[in-house]
Amino acid sequence: MALNWFKKKKHKQEEKTSSDQKIDEASEAFETEDVADTQPFRDNGEPEHKDLENEIAPPLPANDQKTDQAAPKKPSGFFKRLKNGLSKTREILTTDINDLFTGKRKIDDELLEELEELLITSDIGVQTTMDLIQSISIKSSEISGPDQLKNVLREKILELLNATMKPSQEIVDKPHVIMVIGVNGVGKTTTIGKLAARFSASGKKVIIAAADTFRAAAIEQLTIWADRAGVDIIKHKDMSDPAAVAYDGIQAAVARDADIVLVDTAGRLHTRKNLMEELKKIKRTISNKLPGAPHEILLILDATTGQNALSQAQLFNDALDVTGIALTKLDGTAKGGIVVSICNALEIPLNYIGVGEKIEDLQEFDPAEFVNALF
Ligand SMILES: Nc1nc2c(ncn2[C@@H]2O[C@H](COP(=O)(O)OP(=O)(O)OP(=O)(O)O)[C@@H](O)[C@H]2O)c(=O)[nH]1
Ligand SMILES: [Mg+2]
């Protein structure tokens, strides 16, 4: 029975793969087209200068002294926001799974079909859903009710999440250069601000390089974050060469004996130039200036973009060899299944998750904590 089911699934999957290819092709459009033009805050005009700080850099909490930015291990507020952000997914994985068993006593093909739909709705993705269903199918004789099914799912999801985890790397080189990339609006600049605060609070000297020279507001936004985090920023005029800014950032870091350089980059360009080529040029310039650098290429993905985040990851990884991912906006209306999908479908570790716009809303990804928030 299960064999037939998988044959049927394989056929379905092949159909879906060809539609995935279409998504990939469409995603390539962001290299040449201004997808940002449809997004708030980035369209036609820039925000009025007097409102700039409020618009692009939300206020810090009242008690946000420098010492409080010490990236507290696990502030309870963080877990709460994560849990809230995952409420839709949790509903699918709990209430909806309970409903699956209404009037049914055991796992059969029909129930697996319905479960498959539930998992795909939660943005777990086709391939990952099939992997999970396969595990459940193998254990089906042991599963007689929703609680056992949830336990198997929970176990398997934790296994998938742990599989791509890498023990956090010791920072050995000085300066340690982190180039931050991603399409526009995903949260690159905000994440850099949060990371700068974390590193700075742990005693590292940080320099930010404002290599997103696409618009003046981007440089101002980053300057506000640098001030908050209490770190130095290297910037040029808007529209100047981003690679030159990155170069100067490294030079300043060496001269000032800094530990970390965070390089912001644009998510789109003012010309029809190829974004990937521009990013490769920045990467090459950094390597030429400092052999071995950049030590990390951190790709920022926005959880609310769902499966499109995976296509973005593939494109950026092909061009730039991404070393880690930060997934932002898990506090929003995100379907949290994307986390599982990213960990299973990509071989890039998920390093950080973001659950809000404030400086403390970024944490290292913790699979066990995530699974606890999910069920
Ligand atoms: N809710 C929520 N909002 C976030 C998070 N991270 C970033 N944002 C918001 O997302 C918006 C875009 O963030 P930016 O940091 O400007 O994104 P970017 O990738 O630098 O954008 P470009 O510079 O245009 O390429 C801002 O309004 C941020 O406050 C998050 O984890 N949760
Ligand atoms: Mg930015």
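# Reading a predicted fold

Q: How do the residues of the shell around ligand 1 divide into nonpolar, polar and charged?
A: The shell around ligand 1 holds four nonpolar, 11 polar and seven charged residues, in a model that is predicted. Glycine is counted among the polar residues under the rule used here, and Gly187, Gly267 and Gly354 are among the closest of the 22 residues that surround the ligand, together with Thr189 and Thr190.

Q: Which helix gives the largest share of the shell around ligand 1?
A: Helix H8, residues 188-201, gives the largest share, which is three residues.

Q: What makes H8 largely enclosed by the rest of the structure?
A: A residue is called buried when 20 or more other C-beta atoms lie within 10 Å of its own, and 13 of the 14 residues of H8 are buried, so the helix is largely enclosed by the rest of the structure. From its first C-alpha to its last H8 reaches 20 Å, close to the 20 Å expected at 1.5 Å a residue, and just after the helix Gly203 takes a positive phi of about 95 degrees.

Q: What is the span of helix H9, and what is expected at 1.5 Å a residue?
A: H9, residues 216-229, has 14 residues and reaches 20 Å from first to last C-alpha, close to the expected 20 Å. Its buried residues are Ala218, Ile219, Glu220, Gln221, Leu222, Trp225, Ala226, Arg228 and Ala229, and Gly230, just after the helix, takes a positive phi of about 70 degrees.

Q: Which residues have the most contacts inside the largest nonpolar core?
A: Ala196, Ile208, Val261 and Leu262 have the most contacts inside this core, which has 99 residues. Once neighbours within four places in sequence are left aside, Ile208 is in contact with Ile192, Ala196, Leu222, Ala226, Val231, Ile233, Leu262 and Asp264. In soluble globular proteins, nonpolar side chains tend to be buried together.

Q: Why is strand E1 called largely enclosed by the rest of the structure?
A: Six of the six residues of E1 are buried, so the strand counts as largely enclosed by the rest of the structure. His176, Ile178 and Val180 point one way from E1, while Val177, Met179 and Ile181 point the other way, and all are buried.

Q: How do you know that E1 pairs with strand E4?
A: At least two bridges are needed for two strands to pair, and four bridges join E1 to E4, residues 260-265, with the two running parallel; His176 stands opposite Ile260 in E4. Another four bridges join E1 to E5, which also run parallel, and the bridge partner of Ile178 in E5 is Glu296.

Q: How many bridges join strand E5 to E6?
A: Five bridges join E5, residues 296-302, to E6, and the two strands run parallel, with Asp302 opposite Thr328 in E6. Strand E6 is mostly covered, as four of its five residues are buried.

Q: Why does Ile297 count as buried or exposed?
A: Ile297 has 22 C-beta neighbours inside 10 Å, and since 20 or more are required, Ile297 counts as buried. Its place is in strand E5, and outside its neighbours within four places in sequence its contacts are Met179, Ile181, Leu320, Asp321, Val322 and Thr323. The C-alpha atoms of Ile297 and Thr323 are separated by 5.2 Å, with their places 26 residues apart along the chain.

Q: Why does Asp321 count as buried or exposed?
A: With 10 C-beta neighbours inside 10 Å, set against a limit of 12 or fewer, Asp321 counts as exposed. Asp321 is found in the loop between helix H12 and E6, and has a positive phi of about 55 degrees although it is not a glycine.

Q: Why does Lys329 count as buried or exposed?
A: Lys329 has 23 C-beta neighbours inside 10 Å, and with 20 or more required, Lys329 counts as buried. Lys329 lies in the loop between E6 and helix H13, and has a positive phi of about 65 degrees although it is not a glycine.

Q: What kind of peptide bond joins Lys174 and Pro175?
A: The bond between Lys174 and Pro175 is cis, with omega about 0 degrees, and Pro175 is in the loop between helix H7 and strand E1. The bond from Ala293 to Pro294 is cis with omega near -5 degrees, and Pro294 is found in the loop between helix H11 and E5.

Key:
Residues are numbered from 1 along each chain as its sequence is written. Chains are lettered from A and ligands numbered from 1 in the order in which they are written. This is a predicted model: local features need pLDDT of at least 70, side-chain atom pairs count only at pLDDT 80 or more; totals for chains, interfaces and linings use all residues. The expected span of a helix is 1.5 Å times one less than its number of residues. A nonpolar core is a set of buried Ala, Val, Leu, Ile, Met, Phe, Trp, Tyr and Cys residues joined through C-beta atoms within 7 Å. Two residues are in contact if their C-beta atoms, placed from the backbone, lie within 7 Å. A residue is near a molecule or strand if its C-beta atom, placed from the backbone, lies within 6 Å of it.
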